[in-house]
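Student: I am new to this structure. Please take one part of it and walk me through it closely.

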Amino acid sequence: MPKCGICGGDAPKQPCITEEGKCDLCGKKVKLAEDEKKEKK
């Protein structure tokens, strides 16, 4: 079974990100690298 590109768990399909910014398979919040750079400033 392929692995989730977001959380690394087993995934029957590749995940999508919902409008709320969460993985549609596991529900974890997705953070973008650009967002982390803005928070550090």
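Tutor: Here is a close look at the cysteines, with the whole chain as a backdrop. Keep in mind that the model is predicted.

Start with the chain. It has 41 residues, and 12% of them count as buried. The secondary structure is brief to list: one helix and zero strands. That helix, H1, covers residues 33-40. The accessible surface comes to about 3,500 Å². Carbon and sulfur atoms hold 53% of that surface. Now take the contacts with a separation of 6 or more. Residues 24 or more positions apart account for 2% of them.

Now go to Cys-7. Cys-7 sits in the segment before H1. Is Cys-7 buried or exposed? Its relative accessibility is 32%, so Cys-7 counts as partly exposed. Which residues does Cys-7 touch, once those up to four places away in sequence are set aside? The answer is Cys-26 and Lys-28. Look at Lys-28 again. Cys-7 and Lys-28 are 21 residues apart in sequence. Their C-alpha atoms, though, are 7.7 Å apart in space.

Cys-26 is a contact of Cys-7, and that raises the matter of disulfides. A disulfide is a covalent bond between the sulfur atoms of two cysteines. Here the test is a pair of cysteine sulfur atoms within 2.5 Å. How many disulfides does the count give? It gives zero. Take Cys-16 against that cut-off. The nearest cysteine sulfur to Cys-16 belongs to Cys-23, and it is 8.6 Å away. Cys-16 is in no disulfide. Cys-26 is in no disulfide either. For Cys-26 the nearest cysteine sulfur is again that of Cys-23, at 3.7 Å. Why does that pair not count? The 3.7 Å between the sulfur atoms of Cys-26 and Cys-23 is not within 2.5 Å, so the pair is not a disulfide.

Check the accessibility of these two as well. Cys-16 has 43% relative accessibility and counts as partly exposed. Cys-26 has a relative accessible area of 36%, so Cys-26 is partly exposed too.

Finish with Asp-10, which also lies in the segment before helix H1. Asp-10 has a relative accessible area of 51%, so it is exposed. Leaving out residues up to four places away in sequence, Asp-10 touches Met-1, Pro-2 and Lys-3. Asp-10 and Leu-25 are 15 residues apart along the chain, with 9.7 Å between their C-alpha atoms.

Technical notes. Residues are numbered from 1 along each chain as its sequence is written. This is a predicted model: local features need pLDDT of at least 70, side-chain atom pairs count only at pLDDT 80 or more; totals for chains, interfaces and linings use all residues. Side-chain values use heavy atoms; hydrogens and water are left out. Helices (H or I, at least four residues) and strands (E, at least two) are DSSP runs, numbered from the N terminus. Buried means under 20% relative accessible area, exposed over 50%, partly exposed in between (1.4 Å probe, protein chains only). Contact means heavy atoms within 4.5 Å. Accessible areas come from the Shrake-Rupley method with a 1.4 Å probe; for residues, only the protein chains shown count as cover.
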